[in-house]
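Work through the exercises below with the sequence and the coordinates at hand. Each task is followed by a solution in steps.

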Amino acid sequence: MLDVEDLSIVFPARRGDVKALDRVRLSVRPGEIVGLVGESGSGKSVLSYAVSGLLDPAARVTGGRITWQGHALDPLRERRDRHAPIAQIFQNPRASLNPIRSVGHQLQDVGGKDSVRALLESVRLAPEIAGRYPFELSGGQCQRVGIALALACEPDLLIADEPTTGLDVTTEAAVMGLITELSRSRGMATLLVTHDLPLAATHGHRIAVMHAGQIVETARVSELIGQARHPYSAELLSATPQHAARAEDLHVIRGLLPDLSAPLPPCRFAMRCARHQSDCDAAPLSLTEHTPDHLVACRHPLC
Ligand SMILES: Nc1ncnc2c1ncn2[C@@H]1O[C@H](COP(=O)(O)OP(=O)(O)OP(=O)(O)O)[C@@H](O)[C@H]1O
Ligand SMILES: [Mg+2]
């Protein structure tokens, strides 16, 4: 099981440290798919890099820890061990591929010679892609090679950062089907990072909602969709296209993410929140249990 406990990360900067993660708490159990959702800039990639040990060396861990099956993971140390149980699908797939090695060779390095064809097929790529180099591929093709590479090493934990963004719906379904199948058959744990709440709701078991470096709510999918308690989760839900019949009915979340290099209040959503009251700016706020599986960080939750 993956456990992120009160993880805080800052990026030192002259104008003021960027407080990218604030006491982030999250767990992913074997066989479970946890969707991590939130607006652009909320810290989803920083968290996924930290779990994979690929965090920018400039970052400073100011608190908390990450453990996998009880063993501490260093956010700044990549696990180069080929048998490492953790694999990451990167948000920028082209940068994660070796530019001077063919796709076939890269897949072979991880999965063995006989697996190349099947790996390509699993992400709906034709066998001839094996002979190509990353610069000869489209963005979506690179992304699918990245996914095949991540899954080829049969990870116990998959960190998938926007794995299907930019893919057509058929390929998206194939990729998500593959992840779901591996979760079920091998007990692979998956952190599914996405700004696409419906995608997380369709394929995830639980959802964690992130805003400005803080996890504001985690709950089982049905509970989060039906009874979101944090005002930001509720706003995210009403801002998803599925909930609006016409484009002009689409709810827009007011305000912008706060400047993470400025001094911040305990609740980083406070300045955008319609339910804000003066006690929101008082003592530190933390995720508290509504039920054991439903945690909320809000002094004035809905329902
Ligand atoms: N290497 C870095 N140095 C300084 N600041 C960084 C660095 N990486 C990320 N940040 C800052 O951390 C915050 C979170 O960034 P992150 O990339 O995790 O967002 P995200 O939720 O993944 O967004 P998106 O949906 O656009 O991918 C941002 O304010 C970003 O500017
Ligand atoms: Mg990101």
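Two strands count as paired if DSSP finds at least two bridges between them. The model used here is a predicted one.

**Exercise 1. The open sheet**

Determine in which sense S1 and S2 pair, and place both strands in their sheet.

Solution.
- Step 1: Strand S1 covers residues 2-11, and seven bridges join it to S2. With a threshold of at least two bridges, these strands pair, and the sense is antiparallel.
- Step 2: One position can be checked by eye: Ile9 has Leu21 in S2 as its bridge partner.
- Step 3: The open sheet has four strands in the order S2-S1-S4-S5, with antiparallel pairing. S2 and S5 (71-73) are the edge strands, each pairing on one side only. From one strand to the next, the twist averages 20 degrees.

**Exercise 2. A residue in an edge strand**

Decide whether Val18 is buried, partly exposed or exposed, and list its contacts outside the local sequence.

Solution.
- Step 1: Val18 belongs to strand S2.
- Step 2: Within 10 Å of Val18 there are 18 other C-beta atoms. A buried residue needs 20 or more, and an exposed one has 12 or fewer. Val18 is therefore partly exposed.
- Step 3: Apart from neighbours within four places in sequence, Val18 contacts Val10, Phe11, Ala13, Leu260 and Ser261.
- Step 4: For scale, Arg144 is 126 residues from Val18 in sequence, and the C-alpha atoms of the two are 32 Å apart.

**Exercise 3. An enclosed strand**

Explain why strand S3 is described as largely enclosed, and find its partners.

Solution.
- Step 1: S3 spans residues 33-37, and five of the five are buried, so the rest of the structure largely encloses this strand.
- Step 2: In a regular strand the side chains alternate between the two faces of the sheet. For S3, one side holds Ile33, Gly35 and Val37, the other Val34 and Leu36, and both faces are covered.
- Step 3: S3 pairs in the parallel sense with S8 (residues 189-193) over four bridges. Gly35 is opposite Leu192 in S8.
- Step 4: S3 also runs parallel to S9 (residues 206-211), again with four bridges. Here Leu36 has Ala208 as its bridge partner.

**Exercise 4. The shell around ligand 1**

Describe the surroundings of ligand 1 and identify the element that gives the most to the shell.

Solution.
- Step 1: There are 16 residues around ligand 1, and those that come nearest are Phe11, Ser40, Lys44, Ser45 and Val46.
- Step 2: By class, the shell has six nonpolar, eight polar and two charged residues.
- Step 3: S2 (18-28) and H1 (44-52) each supply at least two residues. H1 gives the most, with three.
- Step 4: Nine of the nine residues of H1 are buried, so this helix is largely enclosed by the rest of the structure. Among them are Lys44, Ser45 and Val46.
- Step 5: Just after H1, Gly53 has a positive phi of about 75 degrees.

**Exercise 5. Two helices**

Classify the arrangement of H5 and H6 from their crossing angle.

Solution.
- Step 1: The axes of H5 (residues 139-152) and H6 (residues 169-186) come within 12 Å and cross at roughly 10 degrees.
- Step 2: Angles under 35 degrees count as roughly parallel, so H5 and H6 are roughly parallel to each other.
- Step 3: From H5, Gly140, Arg144, Ile147 and Leu151 meet Thr171, Val175, Leu178 and Leu182 of H6. This contact comprises five nonpolar, two polar and one charged residues.

Technical notes. Residues are numbered from 1 along each chain as its sequence is written. Chains are lettered from A and ligands numbered from 1 in the order in which they are written. This is a predicted model: local features need pLDDT of at least 70, side-chain atom pairs count only at pLDDT 80 or more; totals for chains, interfaces and linings use all residues. A residue is near a molecule or strand if its C-beta atom, placed from the backbone, lies within 6 Å of it. Ala, Val, Leu, Ile, Met, Phe, Trp, Tyr, Cys and Pro count as nonpolar, Asp, Glu, Lys and Arg as charged, and the others, Gly among them, as polar. Axes are lines fitted to C-alpha atoms, for helices over the stretch in contact, and angles run from 0 to 180 degrees between N-to-C directions. Two residues are in contact if their C-beta atoms, placed from the backbone, lie within 7 Å. Angles under 35 degrees count as roughly parallel, over 145 as roughly antiparallel, 65 to 115 as roughly perpendicular and the rest as oblique.
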